[in-house]
Amino acid sequence: WYLYLQQEFVYVGDEGIVEPSGKTKRTGIDFSARYQFTKWLFADFNANWARPRSIDETKGQDYIPLAPTLTSTGGISWQMEKGFNGSIRYRYIRDRPANEDNSVVAKGYTVADLSLNYTRKKFEIGLAVENLFNVEWNETQFDTESRLFNEPQAVSEIHFTPGAPLFLKLAFTYLF
């Protein structure tokens with residue numbers, strides 16, 4: 001696939017505004033596969049590769065900050081006849097440039113989740129285990145210039161929101 005934008009808009013967090021950043025293009029390949037092993041066991045896989053670049057910038061200064069270059073999702077799901085169902089799923093994003101010259105990098109991650117449910121005609125009881133392997137990951141990441149009190153110069157580095165650690169959620173759903 002190919003995507004051309006005459007004007008890309010970017011969010012400026014410090015100012016809370018969106019501003020134009022020029023022409024961009026992205027080329028990529030998407031791949032998806034689904035397979036049913038048995039009457040009750042399924043698998044799916046998705047991978048997306050992209051090469052995002054700014055058009056009017058010089059080579060090496062043309063990276064689009066935080067634009068993903070490789071992402072993937074997938075998992076195994078099951079659905080039994082007696083109302084039991086669930087899945088184990090993952091999501092992945094590769095390291096990616098956090099600024100236009102790729103000198104600051106946003107860290108990629110792989111996170112897995114597990115869900116187990118019991119479903120009847122009028123209700124569902126479920127347990128979700130998010131971040132099953134309790135990996136440390138950064139959810140929101142931005143290249144931000146900052147300076148501590150004792151630093152003579154500002155430093156350009158990643159500021160981030162940490163991803164959620166391992167946690168359990170119990171749910172009850174009434175269906176009508």
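**Notes on a predicted all-strand model, with a look at glutamine 141**

1. Let me start with one residue: glutamine 141 is buried, its relative accessible area being 3%. That figure counts as buried because the cut-off is under 20%. Please keep in mind that this is a predicted model.

2. Where does glutamine 141 lie? You will find it in strand E12, which covers residues 138-146.

3. The polar partners of this side chain are worth a look. At 2.9 Å, the side chain of glutamine 141 reaches the backbone nitrogen of lysine 107. A polar atom of the glutamine 141 side chain also lies 3.3 Å from the backbone oxygen of asparagine 138.

4. Beyond its neighbours within four places in sequence, glutamine 141 is in contact with Leu66, Arg96, Ala106, Lys107, Ile158, His159 and Phe160. Lys107 is thus in this list and also supplies the backbone nitrogen at 2.9 Å.

5. Now for the whole chain. The protein has 14 strands and zero helices. Its radius of gyration is 21 Å, well over the 16 Å from the globule rule for 176 residues, so the protein is more spread out than a compact globule. Along the principal axes, the C-alpha atoms fill a box of roughly 65 × 45 × 30 Å.

6. On burial and surface: 27% of the 176 residues count as buried. The accessible surface is about 12,100 Å², and carbon and sulfur atoms account for 58% of that.

7. Two last values for your files. Of the contacts between residues at least 6 apart in sequence, 48% join residues at least 24 apart. The 19 positive and 22 negative charges have mean positions 13 Å apart.

Notes: Residues numbered from 1 in each chain as written. Predicted model: local features only at pLDDT ≥ 70, side-chain atom pairs only at ≥ 80, totals over all residues. Heavy atoms only, no water. Helix = DSSP H or I, 4+ residues; strand = E, 2+ residues; numbered from the N terminus. Rg over C-alpha atoms; globule rule 2.2 N^0.38 Å. Buried < 20%, exposed > 50% of the residue type's maximum accessible area, 1.4 Å probe, protein only. Contact = heavy atoms within 4.5 Å. Areas by Shrake-Rupley, 256 points an atom, 1.4 Å probe, with all protein chains shown as cover. Lys, Arg positive; Asp, Glu negative; His and termini not counted. Charge placed at Lys NZ, Arg CZ, Asp CG, Glu CD. Polar contact = N/O pair within 3.5 Å; in protein donor to acceptor, adjacent residues only side chain to side chain.
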